[in-house]
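Student: I am new to this structure. Please take me through one part of it closely, and then show me what else deserves a look.

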Amino acid sequence: MRKPVIVFAGAVYPGQFGHLCDYLRQARLAETYFLTTPGHRARNAHRGEHILGFEPDGPVVGPQSYYYTAKLERSARIGRGLLRAVQQFEKKKKIDVIIAHSLWGAPHFLYGETGAAIVSYIEFPSYRAHGWSTDYPPDQSQRMGDKNLEMLNFHQALRSDLVICPSQHAKRMFPEALQANIEVQLEGFSFEDAPAPAGNGTSPFTVGFSARDLSSSKGFEVFVRLADKLVARGLQAEFVALGGAEGSTYGYEQQWVARKYSGAVASFRDHLLQVYPRAAEVIQFPGKLPYQEFVQRLSDIDLFLYPLQFGVANWGLVEILGRGGCVLAPDRGYAAELILDDINGRLLPDDDDAWIAEIEALAQDPARRFRYGQKARYLARLHYSLPAVAPRYMGLFRQAMANRDARAKGAGG
């Protein structure tokens, strides 16, 4: 039986699906390719000839010509380049399925131009649906620009043969009328090179925070506030926050900082360290680390605080769980899809006293931390390792092809 030809598309490789693309090829489950931008192709050429390039129709980084349609313009530049690359590919080989990132592999120019089934990966439909802190709200211009992002994603949800999003929480952000064509599947992870978790309860007890960005949405403000209170209560611990202090986030706190301090304070992190001086004295900031160094730092942390405020999925949380981390998370949102309370971590209400009580209890209970961590490691690898998710993805791709055929039949009738 012929293996399906599957093409992943995204301006960034590996991005969400690069490792899955590689795994499906290596496991001989499909003939896979990854279309990415020339720079990412050149940097990853050593990974195989299946990494191909597409040339966007103009620059995709930096400001676009009109603020309010910037994401649409960027997506159009990507989409034009992607269409050309797909058409060139199809002169040599038939494509069964194209899996495209909704923004960085925008597929909206492919509809009606290819016989392949089109799968759109949409992390979340808009910032309006995603949410932001009322302390750091978007201005009107940002709200208006966000409407166009939502329009682009709703169009893809309507026209794609299938949409994949990373969590049930994300799926519920779409209008109910669009949800029937949306399937939930988190990306796959490779945990093979993970060191064993420390888990030995030796001093110093270390409390950690880990996210791509030290932002309001990821709960960094809550982490700093809790650290400040714990120091005041006399907890003997080290605190470490892994992630970048500057750069884009899923919120609007950076604009708030710029306006409040007129450029005198560089980041949201620096603002918080002024507000919580006790925390400023004890939190270590290694910054964004190379991957292997990041993995090693995870194994050195006894207890992770993940007080997420807004979000739809995060590879960092799965990395922590899959490497045996003990995690405290909120009892709402997507974190509750990954953590079973008192089994592979704790789910807590949005109440500082509840978090502080649990942190202080776990600081004195290395056996319970170890139990949570071991179960977290087992469940994350069982459900989210690449060998675990690959059959599920192959099923979704077959579903997309069936949807494509049904649409074609309906159009013909």
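Tutor: Let us start from one residue, serine 210. Serine 210 sits in strand β8, which covers residues 206-213. Keep in mind that this is a predicted model.

Is serine 210 buried or exposed? Its relative accessible area is 3%. The cut-off for buried is under 20%, so serine 210 counts as buried. Which residues does serine 210 touch, leaving out those up to four places away in sequence? They are Leu242, Phe294, Leu298, Tyr306 and Ile320.

Now widen the view to the whole strand. β8 is mostly covered, with seven of its eight residues buried.

Next come the strands that pair with β8. One is β9, residues 238-244. β8 and β9 run in the parallel sense and share six bridges. Look for threonine 206, which stands opposite glutamate 238 in β9. There is a helix to add here: α7, residues 220-232. Together, β8, α7 and β9 form a β-α-β unit, and the unit is right-handed.

β8 also pairs with β11, residues 303-305. This pairing is parallel too, over two bridges. Here valine 207 of the pair stands opposite leucine 303 in β11.

Leave the strand and turn to a helix, α5. Helix α5 takes in residues 140-159, 20 residues in total. From first C-alpha to last, α5 reaches 29 Å. That is close to the 28 Å expected at 1.5 Å a residue. At the N-terminal end of α5 there is a cap, aspartate 139. One of its side-chain oxygens lies 3.2 Å from the backbone nitrogen of serine 141.

Which residues of α5 are buried? Among them are Gly145, Asn148, Leu149, Leu152, Asn153 and Gln156. The list also includes Gln142, Asp146, Glu150 and Ala157. One general point helps in reading such a list. An α-helix has 3.6 residues a turn, so residues three or four places apart point the same way. What covers the buried residues of α5? The cover includes helices α3 (70-90), α4 (127-130) and α8 (253-261). Strands β5 (117-121) and β6 (162-165) are also part of the cover.

Last, the cysteines. How many disulfides does the structure hold? The count is zero. Cysteine 21 has 0% relative accessibility, so it counts as buried. Cysteine 326 is at 2% relative accessibility, so it is buried as well.

Definitions and conventions. Residues numbered from 1 in each chain as written. Predicted model: local features only at pLDDT ≥ 70, side-chain atom pairs only at ≥ 80, totals over all residues. Heavy atoms only, no water. Helix = DSSP H or I, 4+ residues; strand = E, 2+ residues; numbered from the N terminus. Buried < 20%, exposed > 50% of the residue type's maximum accessible area, 1.4 Å probe, protein only. Contact = heavy atoms within 4.5 Å. Expected span 1.5 Å × (residues − 1). Polar contact = N/O pair within 3.5 Å; in protein donor to acceptor, adjacent residues only side chain to side chain. Pairing = 2+ DSSP bridges. Right-handed = clockwise from strand over helix to strand, strands pointing away. Disulfide = S-S within 2.5 Å.
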